[in-house]
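Please look over the model shown here before reading the notes on its sheet, its disulfide and one threonine.

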Amino acid sequence: MTYKSWWLVAVIVAILAGVAYLVFWHDAQTPASGAATYDWRFSDKGEQDGIPHTQVVLVANGKSYTIGTYEGTCAPQDGDYMPYEVSKVICWFAGGGHEVGVFEEPGQVVVRVGDVDEGASGVPGFRGNFVLAQTIQ
């Protein structure tokens, strides 16, 4: 074989490897964003010590998951998502609260809950400390 023939074989092998990656491995590792539907439901659970409490339920592809009850008033939010986060709710009271998010991670869909805080003068707000709340089937 000539040098040009080897070069052509190498290019063809590289192209086939790229196609195999995209078809088999990459698609298996990439969340199916857009394929699932996520809707949030909220129930007022009254006040305790002057703080309102709201129960959060996620409806994922028609199946309901009770996530928990959080201080404050909860509302769905669009945008400013964390990596892998595709849907979220913020439960807020008196300058802080919790973010409840659906994360389409490679190989699984989970709900994680994190802390949010508006910060103070000279101190930036905070968003983090996410922990696993529930795995979605």
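The report below takes up the sheet, then the disulfide, then the threonine.

## The sheet

In this predicted model, five strands form an open antiparallel sheet, arranged in the order E4-E5-E6-E7-E8. Its edges are strand E4 (73–77) and strand E8 (126–136), each of which pairs on one side only. Leaving direction aside, neighbouring strands of this sheet are turned by 20 degrees against each other on average.

Within the sheet, strand E6 (residues 96–105) and strand E7 (residues 108–117) pair in the antiparallel sense over ten bridges, and Gly 101 stands opposite Arg 112 in E7.

## The disulfide

The model contains one disulfide, which joins Cys 74 to Cys 91 with an S to S distance of 2.1 Å. The pair links distant parts of the chain, since Cys 74 belongs to strand E4 and Cys 91 to strand E5 (residues 85–93), 17 residues apart.

Both Cys 74 and Cys 91 are buried. The torsion about their S-S bond is about 110 degrees, and the disulfide of Cys 74 and Cys 91 is therefore right-handed.

## The surroundings of Thr 54

Thr 54 is located in strand E2 (residues 51–60), and it counts as buried because its relative accessibility is 9%, where the cut-off is under 20%. A polar atom of the Thr 54 side chain lies 2.7 Å from the backbone oxygen of Gly 72.

When residues up to four places away in sequence are not counted, the residues that Thr 54 touches include Phe 42, Lys 45, Tyr 70 and Gly 72. Cys 74 is also among the contacts of Thr 54, and Cys 74 is one of the two cysteines joined by the disulfide.

Notes:
Residues are numbered from 1 along each chain as its sequence is written. This is a predicted model: local features need pLDDT of at least 70, side-chain atom pairs count only at pLDDT 80 or more; totals for chains, interfaces and linings use all residues. Side-chain values use heavy atoms; hydrogens and water are left out. Helices (H or I, at least four residues) and strands (E, at least two) are DSSP runs, numbered from the N terminus. Buried means under 20% relative accessible area, exposed over 50%, partly exposed in between (1.4 Å probe, protein chains only). A polar contact is a pair of N or O atoms within 3.5 Å; within protein, one must be able to donate a hydrogen and the other to accept it, and residues adjacent in sequence count only if both atoms are side-chain atoms. Contact means heavy atoms within 4.5 Å. Two strands pair if DSSP finds at least two bridges between them. Axes are lines fitted to C-alpha atoms, for helices over the stretch in contact, and angles run from 0 to 180 degrees between N-to-C directions. A disulfide is a pair of cysteine sulfur atoms within 2.5 Å.
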